[in-house]
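Colleague: I would like to learn how to read a model feature by feature. Where do we start?

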Amino acid sequence: MATVALTITTEWRDVAACRDSEPSLFFPIGSTGPAVDQIAAAKQICSLCSVQEECLQYALESNQESGVWGGYAEDERRRLRKRWLAERRRRAG
Ligand code: SF4
C-alpha cells in the first residue's frame, strides 16, 4: 500500500477572506433551511479569497469534514476528496 505524504501548512490563514466573518456562515447547522443561505454566503466570500486553493488543499489533506472550505460545502468536498485521494494514490504508484 502506497503512503501519502502530507504537506499541511497554515500560513494562508493569515490572509483568509473569512478571518472576520461570522463563523455560522462557514459552519452552519445542517444543510437545509437557513443553512442553504449561509453556505451560499460563505461560498461567495470564498470566491473572493486569495488563498482559496491553499485552503481547499488543507481541507483535503487534513480531511476536514465540517463546514465550507475552499469554496466547497461538506458534501461537495467529500466527493472531491474521493477523487483527490484516488489521484494521489495513482501518482504514488
Ligand atoms: S477559501 Fe473560503 S474558507 Fe478558505 S480561507 Fe478563503 S474564505 Fe476562508
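Modeller: Start with one residue. This is a predicted model. N63 has 10 C-beta neighbours inside 10 Å, so N63 counts as exposed. The cut-off for exposed is 12 or fewer.

Colleague: Where is N63 placed?

Modeller: N63 sits in the loop between α3 and α4.

Colleague: What phi does N63 have?

Modeller: The general idea comes before the case. Most residues other than glycine have a negative phi. N63 is not a glycine, yet its phi is positive, about 55°. G93, just after α4, also takes a positive phi, of about 75°.

Colleague: Now the overall fold. How many helices and strands does the protein have?

Modeller: The protein has 4 helices and 0 strands. Along the sequence the pattern reads α-α-α-α. The C-alpha atoms fill a box of roughly 45 × 30 × 15 Å along the principal axes. Of the contacts with a separation of 6 or more, 57% join residues 24 or more positions apart.

Colleague: How do I check the span of helix α4?

Modeller: Use the rise of 1.5 Å a residue. Helix α4 covers residues 74–92, 19 residues, and so should span 27 Å. Its end C-alpha atoms are 26 Å apart, which agrees.

Colleague: How many residues of α4 are buried?

Modeller: The count is 1 among its 19 residues, so α4 is hardly covered by the 20-neighbour cut-off for buried. For the protein, 16% of its 93 residues count as buried.

Colleague: Which residues make up the largest nonpolar core?

Modeller: Again, the general idea leads. In soluble globular proteins, nonpolar side chains tend to be buried together. Here the largest nonpolar core has 11 residues: L25, F26, I39, A42, C46, C55, L56, A59, V68, W69 and Y72. The elements giving two or more residues to this core are α1 (23–26), α2 and α3.

Colleague: Take I39 from that core. Which residues is I39 in contact with, leaving aside neighbours within four places in sequence?

Modeller: I39 is in contact with P28, V68 and A73.

Colleague: And the ligand? Which residues are closest?

Modeller: The ligand is surrounded by 14 residues, and the closest are A16, C18, C46, C49 and C55. C46 and C55 are also listed in the core. Two helices, α2 (34–47) and α3 (52–61), each supply at least two residues of the shell.

Colleague: How does the shell divide into nonpolar, polar and charged?

Modeller: The shell has 11 nonpolar residues, 3 polar and no charged.

Definitions and conventions
Residues are numbered from 1 along each chain as its sequence is written. This is a predicted model: local features need pLDDT of at least 70, side-chain atom pairs count only at pLDDT 80 or more; totals for chains, interfaces and linings use all residues. A residue is near a molecule or strand if its C-beta atom, placed from the backbone, lies within 6 Å of it. Ala, Val, Leu, Ile, Met, Phe, Trp, Tyr, Cys and Pro count as nonpolar, Asp, Glu, Lys and Arg as charged, and the others, Gly among them, as polar. The expected span of a helix is 1.5 Å times one less than its number of residues. A nonpolar core is a set of buried Ala, Val, Leu, Ile, Met, Phe, Trp, Tyr and Cys residues joined through C-beta atoms within 7 Å. Two residues are in contact if their C-beta atoms, placed from the backbone, lie within 7 Å.
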